[in-house]
Amino acid sequence: MISETPCLQPIKPAYHVKILEESQLDQLQSATLEILEQVGIHCPSEKALKIFAEHGGKVDFTQQIVKLPGAVVLEAMSHAPRFYTMGARDPAFDLILDGQALYCATDGCGVETIDFITRQRRPSKKEDVGTMARVTDYLSAIGFYWPIVSAQDYPKTAPLHELDASFNHTIKHVQSETVMGEWTARYAIEMADVISGNEQVRRQRPPLSLLVCSIAPLAQDRDGLESALLFAQAGLPVGFMSMANTGSTAPATIAGTLVLADAEIISALVLIQMAHPGAPVFHSLMPGVMHPRTGDYLSSTLESSSFYPLGTEIAHRWGVPTLAGVFGTDAQVPGWQSAAEAESSLMLCALTGAETGSGLGLVESCMLLYPEAVLLDADVYHRVRNEAAGLDTSAEAIALDVIKEVGPRGHFLAQRHTRINMRKRLLSELTGQPKEGGGYRDPVEVAREKVEWIIANHHPKPLEQAQQDEISRILKSADKEKQQ
Amino acid sequence: MQTQLLPLEPLKTTYHLQFLTDRQLDVLQNATLEILENTGVKFPSQKALTIFAEHGAEVDWKSQIVRMKSDFVLKALSSNPRYFLLGARNPAYDLQLMDGVTYFTTDGCGVETIDFETRQRRPSRKDDVGKMARISDYLPSISFIWPMVSAQDHGETAPLHEIDAAWNNSIKHVQSETVMGEAPCRYAVEMAEVIAGSREVMRRRPPFSLVVCTIAPLVQDTAGIEGALVLAEAGLPVGFLAMPTLGTTAPATLAGALAMGDAEIISAAVLMQLHAPGAPVFHSLMQAWADPRTGGYVSYSLDSRTRYAPVEMAHHWGMASLGACYGTDAHEPGTWQSAGEVALDPYLASLAGSDIVTGMGLSETYTLLYPEQIIMDDDLYQRARYQLMQLEVNDETLALDTVHAVGPGGHYLGQRHTREHFRESMVRGITHQIGEDGKYREPRQVAIDKVKWILENHHPDPLEPEKQSELQRILAAADKEIRRG
């Protein structure tokens, strides 16, 4: 039986904040331009180097380093669109990136799963990607889906199997962060074509987008760049993310890390605009901090969660939308730490005007899937969404007549106004579940049960049979080519 | 042995959030004025009614309801200071209220404690108040002290014993939320005078302040309001706290609950100004929800958007605001809920410009003390503090020379710049403490150990012996008079 996918509930802030001053944004942008012009970026792709060279980049083909004069950078970036739409299977679930709303995705791409039945920790597999696509299809907090874990049971073509599992289990937009290299990208684009039906729809309402990581300090990944170029050619949005690590692959100061990471991202966005002017791109600044004693990448130290809203302001300075870092806890289990680390960073990303963010649902710094974590994160998301939404001060909301009628002492229980409005007050589905014998149930346990309920009951509209067959055919030929 | 004095770390922010538009603030203020003029507020106190009548308010002596016109309200409030000072035993810890700075305190007044040694749940007592005051004294996030739990081993004079325990274990400002009634308040003022050293210093640098709850809908508490008059007379700051519950004691819409709660607060503030013009009075409104299925009191609904709107309403009246943070409905610290509900609080309270804020450290909707919870709440506070700090952007922090030196590829580990800044680059909270096995320790266990460490090692400057004896004498007299009565 097919069930309806609940409407999206993006965060629409009623008010905004600006963290960096104009002069600070100028300083940061100038520093990025200086790095691009004087230090350059390592770019191990002949194809990319040629594009740079043809468009005014100063290319050292032996060292594979490109240096970009400021004017070249600014000219290329002037073609990047500030606003665009990311499509979904059903247009009602399209993501309108117009600066008014923040849409969030799940996290990705974890490598281990707490098994849905046995609760044992094990390597992730394709079925997990599909199951979680279905769970998140049901959640109004999730605007688009990142394949949340790796389809490790298909080692050679995992990224394509992740897309297959996603497209078959959610009607929402899908963003991959694992499709790397021209070979894989061609198959992925073919799959997007099947979902869209034709090229025009694919370009207007792209159902698939791609996120590519740069390599800190100041280097690009060949496969990443080359798949991004193909996506951009096909009109599918591509974003670049820097995960520079303060103290090891970036300077040990926040401002230094920001500009180094920004230079990596901007160099890639410039390449895309040189090759395909006007291609939809996004900017994603997600540095971490190296733990001085363990060397670990930490995304949520007391100070580092400021990186993400700052990244939003920097992206907007360049005139492109952002994918902000939200959630992504360093905690080892869903609990106090995962909530503590997430909340104010998400709020700040919303208030600085981030358009998209990832991701909900993983712990251990984006590595481990606890199925219930996405429900807990969604609850936090809704707290922030409500908090950012502003207050209704209409006459009905102020209810002066009711206050006058009740007067001093007395109560409001019998008032018609109370009956109508009390139902609209939102108590958490997780924390507000009464327990037999009084009190409330443990929200983590409620979340686990809710995941089970969704898996048993939510079956989003499937792809048409012809589309399913076509995607299976594409997968089969990819598997065959890789002898999997 | 005394320990080192750590400077306070209030929240400071260079950018602000205006949560309500000016028009919305006007709409809310007009609603409050209309309630005060047409519906009125019940003051079950002859003394209060007499003051109102003498100043021209419309008093119905039979129903004890006071109605007041807008001009009357605005004129009375015009003498209320927007900024004032909360004094401490040590002047270095005085809190000067000002824009852009937010001072936090603990929660109060819980009634049960998870015992420091046995970890068993039991009724709270005076010794707990002292211990938690000592822990709060140590934490730079805590700028002033609320007695966290009730000194239930001291019966009717518990409130006075709570402030005795607070002053004997902390050099910071003490604010009570339990001293009620004329007689107890007179004793509290006497104690404050002992701490200050003189009436004059007490007025200038009041070491004590009081929060009084109103009763929704639109009623004042006799003992609360009469006690507050005593403090206002003595120049000690008093605040009024409305706790409207949507759907039971307040309309089921947020704006309605805010306007009604505001009317309760403003009517009390007007009374204070009529009686003691210029008295420092602050504003506090904490809305809650009635669970439609259980009737239970819920401090955090999923939609808690108005939590900091009252801060702006207070400022619109020209009053300082006591904001409401923390106060989770969770049963235990360290749980997802205990952070999920409150993690946004300190950050938003500061962005909204709260002057003072309560309250860290209790579970089960302000009733249960787990000693380690204050450390976990402190960690959330520090997250907010760093997020609100201005980013340093200059040649040294941009580190372009270092970026040049490393170039594409390679790493920053060998750089002088890295060595110089590395230690400050990662601010370690309780979540990133490494255990003997090389893994991160469980944050709650880190918090439990920190409580133990503070209690063993932090001993704030004690009160001078003569002041201790004087407080003892006042307490003995109060015990004799009030308990007998």
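Helix α10 (residues 307-317) of chain A is mostly covered, with 10 of its 11 residues buried. That comes from a predicted model, and the description below starts with this helix before moving to the rest of chain A and then to chain B. The buried set in α10(A) runs through F307(A), Y308(A), P309(A), L310(A), G311(A), T312(A), E313(A), I314(A), A315(A) and H316(A). What do the buried residues of α10(A) pack against? They meet a mix of helices and strands of chain A: the helices are α1 (22-39), α9 (254-275) and α11 (336-351), and the strands are β14 (281-285) and β17 (323-325). Just after α10(A) comes G319(A), a residue that takes a positive phi of about 80°.

Stepping back to chain A as a whole, there are 17 helices and 20 strands. Buried residues account for 62% of the 484 residues in this chain. Along the principal axes, the C-alpha atoms of chain A fill a box of roughly 85 × 55 × 50 Å. A compact globule with 484 residues would have a radius of gyration near 23 Å, and chain A, at 23 Å, agrees with that. As for contacts in chain A with a separation of 6 or more, 74% of them are between residues 24 or more positions apart. The chain is divided into domain 1 (22-77), domain 2 (84-388) and domain 3 (394-425). Between domain 1 and domain 3 of chain A, the C-alpha centres lie 62 Å apart.

Some of the strand pairing in chain A can be followed residue by residue. Strand β6 (residues 103-106) of chain A runs parallel to strand β9 (residues 142-145) of chain A, and 2 bridges hold the pair. Here A105(A) has F144(A) in β9(A) as its bridge partner. In turn, β9(A) is joined by 2 bridges to strand β10 (residues 173-176) of chain A, again in parallel, and Y145(A) has V174(A) in β10(A) as its bridge partner. To get from β9(A) to β10(A), the chain passes through helix α5 (residues 158-169) of chain A, making a right-handed β-α-β crossover.

Turning to chain B, strand β10 (residues 142-145) of this chain is joined to strand β11(B) by 2 bridges, and the two run parallel. The bridge partner of F144(B) in β11(B) is H173(B). The link from β10(B) to β11(B) goes by way of helix α5 (residues 158-169) of chain B, and this β-α-β crossover is right-handed. Do the residues of strand β11 (residues 173-176) of chain B end up buried or exposed? They are all buried: H173(B) and Q175(B) point one way, while V174(B) and S176(B) point the other way. In a regular strand, side chains alternate between the two faces of the sheet. β11(B) also pairs with strand β12 (residues 208-213) of chain B, in the parallel sense and over 3 bridges; in this pairing Q175(B) stands opposite S209(B) in β12(B).

A similar story can be told for strand β18 (residues 320-324) of chain B, where 5 of its 5 residues are buried. Both faces are covered, with A320(B), L322(B) and A324(B) on one side and S321(B) and G323(B) on the other. Strand β15 (residues 281-285) of chain B is joined to β18(B) by 2 bridges, running parallel, and F282(B) stands opposite A320(B) there. β18(B) also pairs in the parallel sense with strand β19 (residues 356-360) of chain B over 3 bridges, with T358(B) in β19(B) as the bridge partner of A324(B).

Chain B also has an open sheet of 3 strands in the order β14-β16-β17, with mixed pairing. Because β14 (245-246) and β17 (297-298) of chain B stand at the edges with a single partner strand each, one side of each is left without a neighbour in the sheet. β14(B) pairs with strand β16 (residues 288-290) of chain B in the parallel sense over 2 bridges, and T245(B) stands opposite A288(B) in β16(B).

Last comes helix α3 (residues 70-77) of chain B, in which F72(B), V73(B) and A76(B) are buried. Seen down the axis of α3(B), the buried residues fall within an arc of 100°, so they line one face of the helix. These buried residues of α3(B) pack against α1 (22-39) and α9 (254-275) of chain B.

Terms used:
Residues are numbered from 1 along each chain as its sequence is written. Chains are lettered from A and ligands numbered from 1 in the order in which they are written. This is a predicted model: local features need pLDDT of at least 70, side-chain atom pairs count only at pLDDT 80 or more; totals for chains, interfaces and linings use all residues. A residue is buried if 20 or more other C-beta atoms lie within 10 Å of its own, exposed if 12 or fewer, and partly exposed in between; C-beta atoms are placed from the backbone. Helices (H or I, at least four residues) and strands (E, at least two) are DSSP runs, numbered from the N terminus. Two strands pair if DSSP finds at least two bridges between them. A crossover is right-handed if, with the strands pointing away from the viewer, the path from the first strand over the helix to the second runs clockwise. Domain bounds come from an automatic or database domain assignment. The arc is that of the directions from the helix axis to the C-beta atoms. Two residues are in contact if their C-beta atoms, placed from the backbone, lie within 7 Å. The radius of gyration is taken over C-alpha atoms; the globule rule is 2.2 Å times the number of residues to the power 0.38.
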